[in-house]
Amino acid sequence: MKKKLVIGGIVLAMSVSSLTGCGLKTDTPLIGNIVGLKSDELFQTKKIICTKAEYMVEFIKVQEQLKKQMGEGLDWTATVDGQKTLETVAKEQARDSISVTYTLAALADDFEVSLTEREKDEAKESGKAEYEETDSKILQYTGATQETYEKYYLNQKLSEKVRAKITANVGNDISDEQARAIKIQYIHMSASETNAKKIKETLKEAKSIVKAGYQEFSREAKQYTIEDSIEKIIYKNEAKEKYELKAYELSNGEMSDIIQDGSEYYLLYCVDSYMKNETETNKQKLIAEKKERVLKEQYDTYRVDMDQDFNTKLWNDIKVFEN
């Protein structure tokens, strides 16, 4: 009986579409101008061909990353979420990742992108270094040569330049204000637990005590709030609740009026109206997310019209590395 694994987010870093389901199982040339894949070629996208060995370089990286995440001695026959085996998940991740990379590299001419001689040399040096550092058993398993690694890194570098070209000016319109992070302390009370009139009296008294300097807001908040925490960081792009939106009207050290939202009541205290580091981190996150959306849109648009071929039989026969 096979084990079942429940693994959330096992896909390692690819959010854009891939070459999965490209279709033709071509081991020999076909009639006309269409040329089938050779027995050691996994897929072709436009003029770029990915050999089995190049795929295996990616596949072994995925296997090693999974081992780091989940520990050595993985049961590759265990099923993920009760569906695919872990081996299949790893194979698909490697396929999706390298196919996206090679497809973006194949779009270089469309976006007038090319590698400089220096960039080519850097990519080849990276490939050579990894080849020389790779265990002989892994090399035997992947069938990769130094040339394999060099080509792999050349396409990686070209893909990165295409990605950068597509998303060059994306996110410039995202402002600090859109990404602004603030920190508040707050009291949350609910009419489902306490009489509404009593809540208003309590919050009014708490505000008066803090304003007069008799007590810290945090102490009043701990005494009356129904929540486990009295402090919260809010990001403006994520603010949806009424009290969260109202929080952005406050300056440092300022308290809000009593905020009613249905049967819920809030009193806010602004600790920091502009968290510089958190705002910058959030801004970069928003820019990265927008770049990914634009990249996916462009990628999908171009991919529809691209000549692609995938050697399903070859891919099906690939197995994980066993020491």
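Here is a walk through the fold, from overall numbers down to a single lysine.

What you have on screen is a predicted model. The protein has 323 residues, and 43% of them count as buried. Its secondary structure adds up to 11 helices and 10 strands. If you take the contacts between residues at least 6 apart in sequence, 76% of them join residues at least 24 apart. As for the surface, about 18300 Å² is exposed, with carbon and sulfur atoms supplying 46% of that area.

Let's start with the sheet that involves strand E2. Three strands make up this open sheet, in the order E3-E2-E10, and the pairing is antiparallel. Strand E3 (48-51) and strand E10 (308-310) sit at the edges, each pairing on one side only. From one strand to the next, the twist averages 15 degrees. Zoom in on E2 (residues 41-45) and you'll find four bridges joining it to E3, with the two running antiparallel. A handy place to look is glutamine 44, which stands opposite isoleucine 49 in E3.

Next comes helix H1 (52-70). H1 has 19 residues and reaches 26 Å from its first C-alpha to its last, close to the 27 Å expected at 1.5 Å a residue. Plenty of its residues are buried, including Ala53, Tyr55, Met56, Phe59, Ile60, Val62 and Leu66. The buried set also takes in Glu54, Glu58, Gln63 and Lys67. Right after H1 there is glycine 71, whose phi is positive, near 100 degrees.

H1 also leads us to the core. The largest nonpolar core has 47 residues, and those with the most contacts inside it are Tyr55, Phe59, Leu104 and Val162. Among the elements giving two or more residues to this core are E2, E3, H1, helix H5 (146-166) and helix H10 (276-304). Helix H2 gives the most, with 10 residues. To get a feel for the packing, pick leucine 104: leaving aside neighbours within four places in sequence, leucine 104 is in contact with Ser159, Val162, Arg163, Ile166, Leu295 and Tyr299. Another core, of 13 residues, lies apart from the one just described, and Ile184, Tyr243, Ala247 and Tyr248 are among its members.

Now for a second set of strands. Strand E6 (residues 181-190) and strand E9 (residues 264-272) run antiparallel and are joined by eight bridges. Along this pair, histidine 188 stands opposite tyrosine 266 in E9. E9 also pairs with strand E8 (residues 259-261), again in the antiparallel sense, over three bridges. Here glutamine 260 stands opposite tyrosine 265 in E9. E8 and E9 form a hairpin with two residues between them, and glycine 262 in the turn has a positive phi of about 70 degrees.

Last stop: lysine 236, in the loop between strand E7 (231-235) and helix H9 (242-247). Is lysine 236 buried, exposed or partly exposed? Its relative accessibility is 33%, so lysine 236 counts as partly exposed, since that class falls between the 20% and 50% cut-offs. Which residues does lysine 236 contact, beyond its neighbours within four places in sequence? They are Glu177, Gln178, Arg180 and Tyr248. Tyr248 is also one of the residues in the 13-residue core. Finally, threonine 279 is 43 residues away from lysine 236 in sequence, while their C-alpha atoms are 9.4 Å apart in space.

Terms used: Residues numbered from 1 in each chain as written. Predicted model: local features only at pLDDT ≥ 70, side-chain atom pairs only at ≥ 80, totals over all residues. Heavy atoms only, no water. Pairing = 2+ DSSP bridges. Axes fitted to C-alpha atoms, helices over the stretch in contact; angles between N-to-C directions. Buried < 20%, exposed > 50% of the residue type's maximum accessible area, 1.4 Å probe, protein only. Contact = heavy atoms within 4.5 Å. Areas by Shrake-Rupley, 256 points an atom, 1.4 Å probe, with all protein chains shown as cover. Core = buried A, V, L, I, M, F, W, Y, C linked by side-chain atoms within 4.5 Å. Expected span 1.5 Å × (residues − 1).
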